[in-house]
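Visitor: I would like a walk through this model. Please keep it brisk.

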Amino acid sequence: MMNWQGNTRSILVHPDEIALSDRTYYLPCYDEIGPLVESISQVGVLSPPVVRKNHDGTLVPVIGRRRLKAALEAGITEIGVLVVNASEPEQNCVSLLFWDNISRIKQNTVTVAVMTASLLNVFDLETVAEKYLPWIGAPPRGPRLVRLRSIAQLDERSLRALLSGRIVEKTAVLLAALDIEDRLEMLNFIDRYGWNANKSDEILQAVHDLSILGGKSTTKTICEAIDWVETQHKEEDIVRKSEKVRNLIRSWKSKDLFQRQDLFEQWLQKLDLPRNIRVKPAQSFESRSVSIEFTADSPDHAKKIIQTLADTKNVN
């Protein structure tokens, strides 16, 4: 058990003396803050927030960030806080944030992702996997853990979209791989035409694939789609426009994929491979890489297959 309270002291401060913009110990919460503001206006802050005093003297919130924001909005000029000294290990502060918010963390993917990333920033994977992740239903390893760490890097608007169900987790991972300009353009795109989360995922994945295949930014692909629908169907309502632009993107992707699939099939025919050898292209042909699968009846058979593969190296 941590003895963090033995390394704290109580002080009174003005809420704006605390660096609320500091995200070292940050856990998203997008609930309406109005009721908390009113509560604090009526009865004050009943449970003191915990802040950490850095070596430069800055006070950063560890737990109780929303109480501090609400106190500021309520016009409170003095609030009692518990100050953790800079000598307290950062691991203890992250752990304190975890245990104080454990019930809230596991309620949604956003808080699970951000908390998981915070833990992995200060603890090794084995410690996090054994001591923390089971409590919030996060996998100790594997592809979803990788996805959670990606999601944790998203901006506030993207996190809000995921939390509200505006986008699905798969879309959030895609957005995390983009630069901020392309990411925000994608969010503007789905907001403009009002697609639901599943349609948004289909469309944004298609836009991403088309952009890779065409060697251009997703922003440019989106602008081309918007220019077309707003020029060709400018008099139609937004519902009709949204369906038109969706169908346009699907037709772009299908045409290009069919062409690439045809070229790939022609290439395979030149190889004249045995039936027990399969060559697959990269998903959506987003790169020139291929994967090779084969079935062998014995080690000697496997050796022959490997030799066959080696003999294809000069095929163009």
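**Rings, sheet and helices**

Guide: The model is predicted. A search of the whole structure finds eight aromatic pairs.

Visitor: What kind of aromatic pair do Phe 189 and Trp 195 form?
Guide: Their ring centres lie 5.1 Å apart. The planes meet at 75 degrees. Planes over 60 degrees apart count as edge-to-face. So the pair of Phe 189 and Trp 195 is edge-to-face.

Visitor: Are Phe 189 and Trp 195 buried or exposed?
Guide: Trp 195 has 3% relative accessibility. Buried means under 20%, so Trp 195 qualifies. Phe 189 falls in that class too: both residues are buried.

Visitor: Which kind of pair do Tyr 193 and Trp 195 make?
Guide: Tyr 193 is buried, at a relative accessible area of 4%. Its ring centre is 5.4 Å from that of Trp 195. The planes are 35 degrees apart. Stacked needs under 30 degrees and edge-to-face over 60, so this pair is tilted.

Visitor: Which residues do ring pairs link into a cluster?
Guide: Look for residues joined through ring pairs. The members are Phe 98, Trp 99, Phe 123, Tyr 132 and Trp 135.

Visitor: What is the strand order of the sheet, and which strands are at the edges?
Guide: The sheet is open, has four strands and shows mixed pairing. From one strand to the next, the twist averages 40 degrees. Strand 1 (8–13) and strand 3 (59–63) each pair on one side only, which makes them the edge strands. The order is 1-4-2-3.

Visitor: How many bridges join strand 2 to strand 4?
Guide: Strand 2 covers residues 50–53, and strand 4 covers residues 79–84. The two run parallel. Val 51 stands opposite Val 83 in strand 4. The number of bridges is three.

Visitor: In which sense do strand 2 and strand 3 pair, parallel or antiparallel?
Guide: Lys 53 stands opposite Leu 59 in strand 3. Four bridges join strand 2 and strand 3. Their pairing is antiparallel.

Visitor: Which residue takes a positive phi in the hairpin of strand 2 and strand 3?
Guide: The hairpin has five residues between the strands. Phi is near 90 degrees at the residue in question. That residue is Gly 57.

Visitor: What angle does helix 3 make with strand 3?
Guide: Two helices can be compared here. Helix 2 (residues 65–73) lies across strand 2, strand 3 and strand 4, at about 120 degrees to strand 3. Helix 3 (residues 90–100) packs on the sheet and touches strand 2, strand 3 and strand 4. Its direction and that of strand 3 make about 40 degrees.

Visitor: Where do the buried residues of helix 8 lie around its axis?
Guide: The buried residues of helix 8 (residues 143–151) are Leu 145, Leu 148 and Ile 151. Pro 143 and Val 146 are exposed, on the face turned away from the buried side. The buried residues cover an arc of only 120 degrees, so they sit on the same side of helix 8.

Visitor: What covers the buried residues of helix 8?
Guide: The cover consists of other helices, at least in part. It includes helix 5 (109–122), helix 6 (125–131), helix 7 (133–136), helix 9 (156–163) and helix 10 (169–176).

Visitor: What arc do the buried residues of helix 13 fall within?
Guide: Helix 13 (residues 218–232) has 15 residues and reaches 21 Å, close to the 21 Å expected. Its buried residues include Thr 218, Ile 222, Ala 225 and Val 229. The face turned away carries the exposed Thr 231 and Gln 232. The buried residues line one face of the helix because they fall within an arc of 165 degrees.

Visitor: Which residues does Thr 219 contact, leaving aside its neighbours within four places in sequence?
Guide: Thr 219 lies in helix 13. At 10% relative accessibility, Thr 219 counts as buried. Its contacts beyond those neighbours are Glu 181, Asp 182 and Glu 185.

Visitor: How far apart are the C-alpha atoms of Val 239 and Gln 269?
Guide: Val 239 is in helix 14 (residues 238–271). At 61% relative accessibility, Val 239 is exposed. Val 239 and Gln 269 are 30 residues apart along the chain. Their C-alpha atoms are separated by 45 Å.

Technical notes. Residues are numbered from 1 along each chain as its sequence is written. This is a predicted model: local features need pLDDT of at least 70, side-chain atom pairs count only at pLDDT 80 or more; totals for chains, interfaces and linings use all residues. Side-chain values use heavy atoms; hydrogens and water are left out. Axes are lines fitted to C-alpha atoms, for helices over the stretch in contact, and angles run from 0 to 180 degrees between N-to-C directions. Contact means heavy atoms within 4.5 Å. The expected span of a helix is 1.5 Å times one less than its number of residues. Buried means under 20% relative accessible area, exposed over 50%, partly exposed in between (1.4 Å probe, protein chains only). The arc is that of the directions from the helix axis to the C-beta atoms. Rings of Phe, Tyr and Trp (its six-membered ring) pair if their centres lie within 6.5 Å; planes under 30 degrees apart count as stacked, over 60 as edge-to-face and the rest as tilted.
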